[in-house]
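Reader: I'm new to this, so could you pick one part of this structure and walk me through it slowly? I'd love to know what sits around it.

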Amino acid sequence: IRPQLVDSRRKEDLFVRSQVKDGENDGFFLASQNTERDKVAVFSNPVTTNRWSWFLSADSTLDPQDPASKTSIRVATHLNTNTHKWLKKNGYKKIQGVPDAESLPMFFLEFNRADTVFLAEMVFVSAANRAGILSNRYKQVVQISKPFGIYISKSYLLKNPGFMESLNNAIQEMREQ
């Protein structure tokens, strides 16, 4: 039995939840667990860990986690994403939203348009690697670390008893390899 899943990183969360609630999709992936999502679906065992991190030049002495820096440091992030919303909610004042996450390492390290980048670790590191930027040019400070998993709709699970147990077993086997 294969559920119809949608990649939640490519759609707005409210839209994805409504598709699951309305039965258009049987689940979504990669997502962190929250109470709104838990209303319509069941969270699997974690598949991976998402780390929202600060990326600074290797020689930087800035501390983006220091409350005093919230008004002074220039922070770049991916425009209109959860990291962008988190920065606003937590009082950072000089936020530069960039529409293309791929450009953030260059924007920051090559063009000096920001003091730091706040982004998911996998996104920044992958983009830096593709741009040929070596890891010795920057340092990383983890702000938030959350497990990412797969959400399967409650209605799908009612129709397919035992599916979640099978999925969780497969995830566990994958993580052990």
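Author: Here is a walk along one strand and the parts that meet it.

This is a predicted model, where local features need pLDDT of at least 70 and side-chain atom pairs count only at pLDDT 80 or more, while totals for chains, interfaces and linings use all residues. Residues are numbered from 1 along each chain as its sequence is written, and side-chain values use heavy atoms, with hydrogens and water left out.

First, the overall picture. The chain has seven helices and eight strands; these are DSSP runs numbered from the N terminus, with at least four residues (H or I) for a helix and at least two (E) for a strand. Of its 177 residues, 40% count as buried, and buried means under 20% relative accessible area, exposed over 50% and partly exposed in between, using a 1.4 Å probe and protein chains only.

The part I'd pick is strand E8, residues 138-153. Let's see who pairs with E8, where pairing takes at least two DSSP bridges between two strands. Strand E4 (residues 48-57) runs antiparallel to E8 and is joined to it by 10 bridges; here Trp52 has Ile144 as its bridge partner. Strand E2 (residues 27-31) also pairs with E8 in the antiparallel sense, over three bridges, and Ala31 stands opposite Gly149. Then there's strand E3 (residues 41-43), again antiparallel to E8 with three bridges, where Val42 is matched with Ile152.

Now for the helices that touch E8. In H7, the buried residues are Phe163, Met164, Leu167, Asn168 and Ile171. Looking down the axis of H7, those buried residues fall within an arc of 130 degrees, so they line one face of the helix; the arc is taken from the directions from the helix axis to the C-beta atoms. If you wonder how one face can collect them, an α-helix has 3.6 residues a turn, so residues three or four places apart point the same way. E8 is among the parts that cover the buried residues of H7, along with E3 and helix H6 (154-159), with contact meaning heavy atoms within 4.5 Å. On the face turned away from that buried side, H7 carries the exposed Glu173 and Glu176.

E8 meets helix H3 (residues 82-89) too, whose buried residues are Thr83, His84, Trp86 and Leu87. Down the axis of H3 they fall within an arc of 160 degrees, so they also line one face of the helix. They pack against E8, E4, strand E5 (74-78), strand E6 (94-98) and strand E7 (116-120). The exposed Lys88 and Lys89 sit on the face of H3 turned away from its buried side.

Let's go back to Trp52, the partner of Ile144 in E8. Trp52 is part of one aromatic cluster with Trp54, Trp86, Tyr92 and Phe118. Rings of Phe, Tyr and Trp (its six-membered ring) pair if their centres lie within 6.5 Å, with planes under 30 degrees apart called stacked, over 60 edge-to-face and the rest tilted. That rule gives 12 aromatic pairs. For Trp52 and Phe118, the ring centres are 6.1 Å apart and the planes stand at 80 degrees, so this pair is edge-to-face. Trp52 lies in E4 and Phe118 in E7, so the pair ties together parts 66 residues apart in sequence. Both rings belong to buried residues: Trp52 has 15% relative accessibility, and Phe118 has 0%.
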